[in-house]
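Please work through the exercises below with the sequence and the structure at hand, trying each task before reading its solution.

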Amino acid sequence: MRKKIAAANWKMNLTFQQGKDLVNGILVSDLNLKQNQQVVICPAFPYLVGIKELIGEREGFYLGAQNCASEKSGAYTGEISPEMLQSVGVTYAIIGHSERREYYGETNEILKKKILLALEYGLKPLFCCGEPLDIREKNAHNAFVEQQLKESLFDLTENEMNSVVIAYEPIWAIGTGRTATPDQAQEMHAFIRAQIVDRYGTSVAEETSILYGGSCKPDNAEELFNCPDVDGALIGGASLKAESFSAIASCLR
Ligand code: PGA
């Protein structure tokens with residue numbers, strides 16, 4: 001059975017102390033994770049080691065980075081390599097978040113390099129895709145997302161693809177309070193899964209977790225997670241409070 005995941009993307013928020021308090025708040029909340037359910041905490045890079053210590057061996061809790069470098073090592077001032085992340089106990093790396101694409105010029109081609117390097121060092125890419133508002137309004141969102149998948153993911157081997165988690169994040173719903181309706185989310189998630197079926201076959205597609213991202217909140221998580229192809233969420237704003245993040249995670253099915 002594929003994994004159901006609540007992933008917290010803190011973005012560039014919180015001090016170290018605030019981050020530790022937040023994780024402690026989540027740890028003491030009564031989250032009864034089932035065997036196929038995971039919580040992934042993606043703090044800023046400097047906090048990874050400290051947050052890892054707090055999480056310890058807690059069942060179902062994993063650490064994620066918000067980005068990783070596209071090069072192995074060397075003279076790349078300010079970059080953090082997949083090998084470095086792996087060496088401090090990171091499991092996931094968010095790759096291709098729309099904010100990275102938009103503000104830091106990350107193209108499908110660069111993201112493909114990052115994905116391959118992350119996989120080489122045993123990280124699981126949490127690959128983000130999703131369309132901006134004008135593309136949605138032109139009804140061209142399926143073709144847009146299909147191209148993102150083809151150009152960044154679909155050269156992977158079947159074995160590599162088994163380690164990838166996808167997050168569908170309609171850009172018009174990120175941080176805007178505007179959420180895709182469950183029908184819109186389900187339609188796109190089913191479309192993404194159909195693309196994986198075409199490329200890798202049913203068994204890989206059925207095992208691939210596809211998360212929803214874009215103003216996921218305690219009051220819409222349940223109906224989103226009830227959609228058959230929505231396997232959890234990548235959560236920004238609502239992941240910054242233990243109460244709201246735990247409430248969302250407790251809706252995982
Ligand atoms: P949001 O962010 O939940 O604040 O919309 C989601 C994301 O960008 O991962």
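**Exercise 1.** In this predicted model, find which pocket the ligand sits in, and then describe the residues around the ligand by class.

*Solution.* Start with the location: the ligand sits in the second largest pocket. Next, turn to the 13 residues around the ligand, of which Lys11, His97, Gly175, Ser215 and Gly237 come nearest. Finally, sort this shell by class, which gives 7 polar, 4 nonpolar and 2 charged residues.

**Exercise 2.** Identify polar atoms of Asn9, His97 and Ser215 that lie by oxygen atoms of the ligand, and state how much of the ligand's accessible area the protein covers.

*Solution.* Begin with the side chains: a polar side-chain atom of His97 is 2.7 Å from a ligand oxygen atom, while for a polar side-chain atom of Asn9 the distance to an oxygen atom of the ligand is 3.4 Å. Then look at the backbone, where an N or O atom of Ser215 lies 2.7 Å from an oxygen atom of the ligand. As a last step, consider the cover: on its own the ligand has 280 Å² of accessible area, and the protein covers 96% of it.

**Exercise 3.** How many disulfides does the structure hold, and why does Cys251 not form a bond with Cys216?

*Solution.* The count of disulfides is 0. Cys227, for its part, is in no disulfide, the nearest cysteine sulfur being that of Cys216, 11 Å away. For Cys251, the closest cysteine sulfur belongs to Cys216 at 8.0 Å, which is too far for a bond, because a disulfide requires two cysteine sulfur atoms within 2.5 Å. To finish, check burial: Cys227 counts as buried at 8% relative accessibility, and Cys251 is buried with a relative accessible area of 18%.

How values were computed: Residues numbered from 1 in each chain as written. Predicted model: local features only at pLDDT ≥ 70, side-chain atom pairs only at ≥ 80, totals over all residues. Heavy atoms only, no water. Buried < 20%, exposed > 50% of the residue type's maximum accessible area, 1.4 Å probe, protein only. Near = heavy atom within 4 Å. Polar contact = N/O pair within 3.5 Å; in protein donor to acceptor, adjacent residues only side chain to side chain. Areas by Shrake-Rupley, 256 points an atom, 1.4 Å probe, with all protein chains shown as cover. 1 Å grid on protein atoms, 1.4 Å probe; cavity = no way out; pocket = protein on both sides within 12 Å on 5 of 7 lines; lining within 4 Å. Sits in = over half its atoms within 2 Å of the grid points. Nonpolar A, V, L, I, M, F, W, Y, C, P; charged D, E, K, R; others polar.
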